[in-house]
Amino acid sequence: MLALTRKIGERIVIGDNIVVTVVGVKGDNIRITIEAPKEIKIYRGEIFDAIAAENKQAAVTNDLSELDMLKVLKIKK
């Protein structure tokens, strides 16, 4: 992890095409802008964590015994 100190108006450049600029500081809050290509997804940390948790939950293997109930159904073609 890299920790940097920046003042208002100063930038951080990530790779060739992402620029983070500090635009304001008010108390404990820091306001930043992020310039990046549209194909790069940018999320607040808590939103990213919620998406990751939902994806993990969706990928959990369900009890396969529930699928056995489908065997009793007779489907006519």
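How many aromatic pairs does the structure hold? Just one aromatic pair turns up here. Keep in mind that this is a predicted model, where local features need pLDDT of at least 70, side-chain atom pairs count only at pLDDT 80 or more, and totals for chains, interfaces and linings use all residues. Residues are numbered from 1 along each chain as its sequence is written, and side-chain values use heavy atoms, leaving out hydrogens and water.

**View A. Tyr43 and Phe48 make a tilted pair.** The ring centres sit 6.4 Å apart with the planes at 45°, so the pair is called tilted (rings of Phe, Tyr and Trp, its six-membered ring, pair with centres within 6.5 Å; planes under 30 degrees apart are stacked, over 60 edge-to-face, the rest tilted). Tyr43 has 41% relative accessibility and is partly exposed, and Phe48 is partly exposed too, at 48% (buried is under 20% relative accessible area, exposed over 50%, partly exposed in between, with a 1.4 Å probe and protein chains only).

**View B. Three strands form an open sheet.** The order is 1-2-3, with antiparallel pairing (strands are DSSP runs of E, at least two residues, numbered from the N terminus; two of them pair if DSSP finds at least two bridges between them). Strand 1 and strand 3 are at the edges with a single partner strand each, so one side of each has no neighbour in the sheet.

**View C. Strand 2 meets strand 3.** Seven bridges join these antiparallel strands. Val22 stands opposite Ile32 in strand 3.

Definitions and conventions
Helix = DSSP H or I, 4+ residues; strand = E, 2+ residues; numbered from the N terminus.
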